[in-house]
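Dear colleague,

I am handing over the structure we spoke of. My notes on what was found in it follow below.

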Amino acid sequence: MKIAILGAGYGGMSAAWDLKKAGHDVTIFESAGYAGGLASGFKEPHWNWSVEKFYHHWFQSDSEMLGIIRELGLEDKVIFPRPLTVMYHNKKWYPFDSILNALRFPGLGFGLNKIRFGFVGLFLRITKNWQALEKVTAHEWMLKYAGKQVYEQMWQPLLIGKFASFYKDVNMAWLWARMHARTTRLGTFEGGFQKFADLFAEKLREKGVEIRLGMSIKSIKKDQASGRLSVDGELFDKVLVTTSPNLMAKLCPELPESYLKGLLELKSMGAVVMTLSLKHSLSKDGYYWFNVPKEQGYPFLALVEHTNFVSKENFGGDHIVYAGDYLELGHEYFDMTDEQLLERFIPAFEKFNPEFKRDWVKKIWVHKTNYAQPVPLVGHSKNIPAIQTPIEGLYFASMSQVYPWDRGTNFAVEIGRKAARLMK
């Protein structure tokens with residue numbers, strides 16, 4: 001069969017890998033001039049590694065991601081450093097990268113609160129019955145079982161940071177998935193995620209997959225004469241779209257109204273991430289990931305000092321820092337210039353390090369996307385669009401369909417390979 005795939009992110013490339021191995025003629029169309037999708041990166045001339053536009057890492061439990069890396073013969077390039085993640089309490093930062101450190105965290109209080117925290121964590125790690133959990137909100141469930149203090153200290157800031165005004169509407173299966181699937185060990189690829197995406201694309205080309213970069217597709221239609229699918233006039237037997245639900249709806253308005261309605265009703269958060277190259281380290285203690293409490297007046301959700309995860313020598317001695325946030329569409333950050341956003345963030349950087357000065361900043365990059373974090377509501381499984389659409393030969397695989405799992409490269413690979421199995 002002649003197959004088209006729209007999108008050269010990890011999902012699209014993973015599907016292409018399997019479909020080509022099955023003997024099909026595969027072409028990938030990618031609107032950007034590079035592969036990698038939301039996990040793509042950028043690089044300064046004096047850097048040996050790239051930096052992701054939207055901070056990424058892998059977990060040791062990411063079996064789908066690590067599995068395809070092994071198939072590609074690139075497993076020797078995956079590394080698992082041991083960075084420090086910290087939580088805020090009473091104007092201080094505390095390590096929160098292990099069960100032991102979590103139990104030591106003073107923000108949980110003492111006695112019963114820590115026992116409830118431990119039992120809730122253990123239950124969520126053990127249970128596999130996420131279907132029951134999607135019938136209740138995370139807000140309600142955590143208040144009931146973790147208790148008010150633990151919820152308000154630990155889980156409410158996470159929910160607010162991720163989902164803003166939707167935080168009381170997100171179902172408990174989403175939080176279960178984060179607790180159930182993730183590990184404290186974090187991994188990355190030597191050279192950066194863009195290096196991996198480039199090598200993946202190279203392996204696909206070696207197998208005979210055609211990758212057309214810089215190709216923005218306008219429409220997908222059923223060709224009545226041949227019964228095949230027309231992708232901007234070029235005919236294919238089957239087509240897989242790996243874009244956002246909104247873009248899928250625009251590309252193929254011939255989809256039945258019920259399917260289109262389902263696509264357009266899916267809610268998602270956007271993201272705005274600033275990456276900074278600094279002359280000096282922002283964290284005096286070598287911390288990597290700061291879970292930032294927005295209620296304390298911080299203007300972003302997370303501060304990540306990337307060069308406390310991988311060496312600054314990979315970036316010519318520059319210290320690389322991310323300041324990022326999930327935001328509702330229409331938030332003022334989407335309209336601010338890079339310099340305006342930096343001025344908004346500078347007072348927060350001074351809180352992390354009182355010695356911070358504006359002239360520490362060598363360069364900044366700001367990346368924005370409207371589609372970063374799907375919002376799963378109560379009973380969300382009934383809202384998930386089928387991979388195989390009502391139009392024969394047309395398939396759709398996106399972050400919105402990896403539910404109950406959270407978005408991420410591991411589940412992009414999983415959904416891409418699942419689509420490929422249906423298409424074979």
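Leu 122 is partly exposed, with a relative accessible area of 45%. Please keep in mind that this is a predicted model. Leu 122 sits in helix α4, and together with Leu 112, Ile 115, Phe 119 and Ile 126 it makes a nonpolar surface patch of about 550 Å².

Helix α8

Helix α8 spans residues 172–181, and 10 of its 10 residues are buried, so the rest of the structure largely encloses it. Among the buried residues are Trp 174, Trp 176, Arg 178 and His 180. The buried residues of α8 pack against four helices, namely α4 (112–126), α5 (130–133), α6 (138–145) and α7 (148–163), and against β19 (361–374). The helix α4 that carries Leu 122 is thus one of the packing partners of α8. At the N-terminal end of α8, Asn 171 acts as the cap: one of its side-chain oxygens lies 2.8 Å from the backbone nitrogen of Ala 173.

Strands β15, β18 and β19

Strand β15 (residues 268–278) has 10 of its 11 residues buried, so it too is largely enclosed by the rest of the structure. On one pairing, β15 runs antiparallel to β19, joined by 10 bridges; Ser 277 stands opposite Lys 363 of β19 there. On another, β15 pairs with β18 (residues 319–327), again in the antiparallel sense, over nine bridges. Gly 270 has Leu 327 of β18 as its bridge partner.

His 367 belongs to β19. Its relative accessible area is 17%, which is under the 20% cut-off, so His 367 counts as buried. Apart from neighbours within four places in sequence, His 367 is in contact with Phe 42, Lys 53, Phe 54, Ala 271, Val 272 and Val 273.

The loop after β19

Ile 387 lies in the loop between β19 and β20 (394–396). Ile 387 is buried, with a relative accessible area of 9%. What does Ile 387 touch, not counting residues up to four places away in sequence? The residues are Leu 394, Tyr 395, Phe 396, Gln 401, Ile 415, Lys 418, Ala 419 and Leu 422. Lys 357 is 30 residues from Ile 387 in sequence, and the two are 50 Å apart in space, C-alpha to C-alpha.

Regards

Terms used
Residues numbered from 1 in each chain as written. Predicted model: local features only at pLDDT ≥ 70, side-chain atom pairs only at ≥ 80, totals over all residues. Heavy atoms only, no water. Buried < 20%, exposed > 50% of the residue type's maximum accessible area, 1.4 Å probe, protein only. Helix = DSSP H or I, 4+ residues; strand = E, 2+ residues; numbered from the N terminus. Contact = heavy atoms within 4.5 Å. Polar contact = N/O pair within 3.5 Å; in protein donor to acceptor, adjacent residues only side chain to side chain. Patch = residues over 30% accessible without salt bridge, like charges linked within 9 Å, V, L, I, M, F, W, Y side chains within 5 Å. Areas by Shrake-Rupley, 256 points an atom, 1.4 Å probe, with all protein chains shown as cover. Salt bridge = Lys/Arg side-chain N within 4 Å of Asp/Glu carboxyl O. Pairing = 2+ DSSP bridges.
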